[in-house]
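Visitor: I have a protein model on my screen and little idea how to read it. Could you take me through it, feature by feature?

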Amino acid sequence: MILRDPLCQPRWPFTETGGFRKGFGMRFCVNMEASAGRREWVRRCREAEEIGMDVIATPDHLGITAPLLPLVLAAEVTERARLTTLTLNAAFYNPTLLARDVVSVDVCTDGRFELGLGTGYAKPEFDKAGIPFERAGARVDHLVRTLDELERFYADPEEPNPVQQPGPPVLIGGEGDRMLRLAARRADIIAFPGAGIDQNGLHLREPEELLERTRFVQKALDGRDAELNLLVQHVEVTNDSAGAYERLAERFRGAYSAEQLRRYPIFLIGSAEHIAEELRAHGEHYGITYFSVSHTSMIELAKVLPRLR
């Protein structure tokens, strides 16, 4: 039996070296996979920390490396950055075995881990894994069971201690009413995708819809604190924003005009000062203070961060 340490650090350490912060200043996360190999993964993780990213995340999809093990390596080669999953497909995991993995990652990263969870949405991946793609409600039910088991496991004196007490912060990603109510009750971070995938490719969520969803969850929080996250699709620092939006519109093959794309908060295009102001405005308008980007966009975001700090 492993005894619980009564002096174990609190769940919300206020630190300057990567501790999870309540009060929610602006945070930035880079979401990237480790499929290019160890050397490239180490280089990217160190680069992310040097640039000033607060969090390094891994996605959970078939066809790329698994999400948890690269985060342990990321912790080994960085000093400050938090580590998270954006997001684990809960339906792929036995809750008890996942809880053991979560505690192991928290221990091996010295308490820098944040657990991002979702229900999964890509039916072809379920088919490939031989896992039934159940209706949305059943997948949410499994996520609830997973959260319950995580809490039970953390409190079990027969199981290993997580470093963060009572357990790592939880991020829940989603946008439906039931998912947002669940997140409002049980998540520390609530992530909004800002876009979805359909048969035609990337489908954008209207800004008015995102605003309604953030207001919905803020009401559901009923006084609880939670950080709101947005997955940003593209960052480009340029003095020719008109040309950049025209090029972006070409990628949508006529589905959206350049002028229409300017409305969407998941695209950050313009001068570094303009983008910094847009990010501040998103915090004011939507209540979003935590932004996730791809590795490519991280390089561009690095030109903006000095104007935000």
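Guide: We go from the overall build to pockets, single residues and backbone oddities.

Guide: This is a predicted model, so a caution on confidence: local features need pLDDT of at least 70, side-chain atom pairs count only at pLDDT 80 or more, and totals for chains, interfaces and linings use all residues. Residues are numbered from 1 along each chain as its sequence is written, and side-chain values use heavy atoms, with hydrogens and water left out.

Visitor: How many helices and strands does the protein have?

Guide: Helices (H or I, at least four residues) and strands (E, at least two) are DSSP runs, numbered from the N terminus. Here there are 11 helices and 13 strands.

Visitor: What radius of gyration does the protein have, and what would a compact globule have?

Guide: The radius is taken over C-alpha atoms, and the globule rule is 2.2 Å times the number of residues to the power 0.38. For 309 residues, the rule gives a value near 19 Å; the protein has 19 Å, which agrees. Along the principal axes, the C-alpha atoms fill a box of roughly 65 × 45 × 40 Å.

Visitor: What percentage of the residues count as buried?

Guide: Buried means under 20% relative accessible area, exposed means over 50%, and partly exposed is in between (1.4 Å probe, protein chains only). In this protein, 52% of the 309 residues count as buried. Look at helix α2, residues 68-77: L68, P70, L71, A74, A75 and V77 are buried there.

Visitor: What do the buried residues of α2 pack against?

Guide: Use contacts, meaning heavy atoms within 4.5 Å. The buried residues of α2 pack against α1 (38-51), β2 (55-58), β3, α3 and β5. Across the protein, take contacts with a separation of 6 or more: 76% of them join residues 24 or more positions apart.

Visitor: How much space lies in the largest pocket?

Guide: Work on a 1 Å grid over the protein atoms alone. A pocket is an open set of points with protein on both sides within 12 Å along at least five of seven lines; a cavity is a set where a 1.4 Å probe fits but cannot get out. Lining residues have an atom within 4 Å of a point. Points are joined across faces, edges and corners, and a volume is the space filled by probe spheres set on them. The largest pocket holds about 1300 Å³. It has 42 lining residues, and the closest to its centre are T87, Y121, P193, A195 and L231. Elements that each supply at least two lining residues include β4, α5 (136-155) and β13 (290-294).

Visitor: Which classes of residue make up that lining?

Guide: Ala, Val, Leu, Ile, Met, Phe, Trp, Tyr, Cys and Pro count as nonpolar; Asp, Glu, Lys and Arg as charged; the others, Gly among them, as polar. The pocket lining has 18 nonpolar, 16 polar and 8 charged residues.

Visitor: What volume does the largest cavity have?

Guide: About 50 Å³. There is 1 cavity of 30 Å³ or more. Its lining is E175, F192, P193, G194, R205, E209, L210 and R213. Helix α7 (residues 207-221) gives the most, with 3 residues. By class, the cavity lining has 3 nonpolar, 1 polar and 4 charged residues.

Visitor: Is T146 buried or exposed?

Guide: T146 counts as buried, because its relative accessibility is 0%. T146 is in helix α5. Beyond its neighbours within four places in sequence, T146 touches A90, P95, L98 and L117.

Visitor: Where is Y93 found?

Guide: Y93 is in the loop between β4 (88-89) and α3 (95-108). Leaving aside neighbours within four places in sequence, Y93 contacts D60, P67, L88, L98 and H142. The side chains of Y93 and D60 also make a polar contact of 3.1 Å. That term means a pair of N or O atoms within 3.5 Å; within protein, one must be able to donate a hydrogen and the other to accept it, and residues adjacent in sequence count only if both atoms are side-chain atoms.

Visitor: Which backbone oddities should I look for?

Guide: Most residues other than glycine have a negative phi, and most peptide bonds are trans. Here, the bond joining L86 and T87 is cis, with omega about -15°. The bond from Q165 to P166 is cis too, with omega near 5°. D110 has a positive phi near 55°, and D222 has a positive phi of about 50°. D110 lies in the loop between α3 and β5 (113-118) and is exposed, at 64% relative accessible area. D222 sits in the loop between α7 and β10 and is exposed, at 69%.
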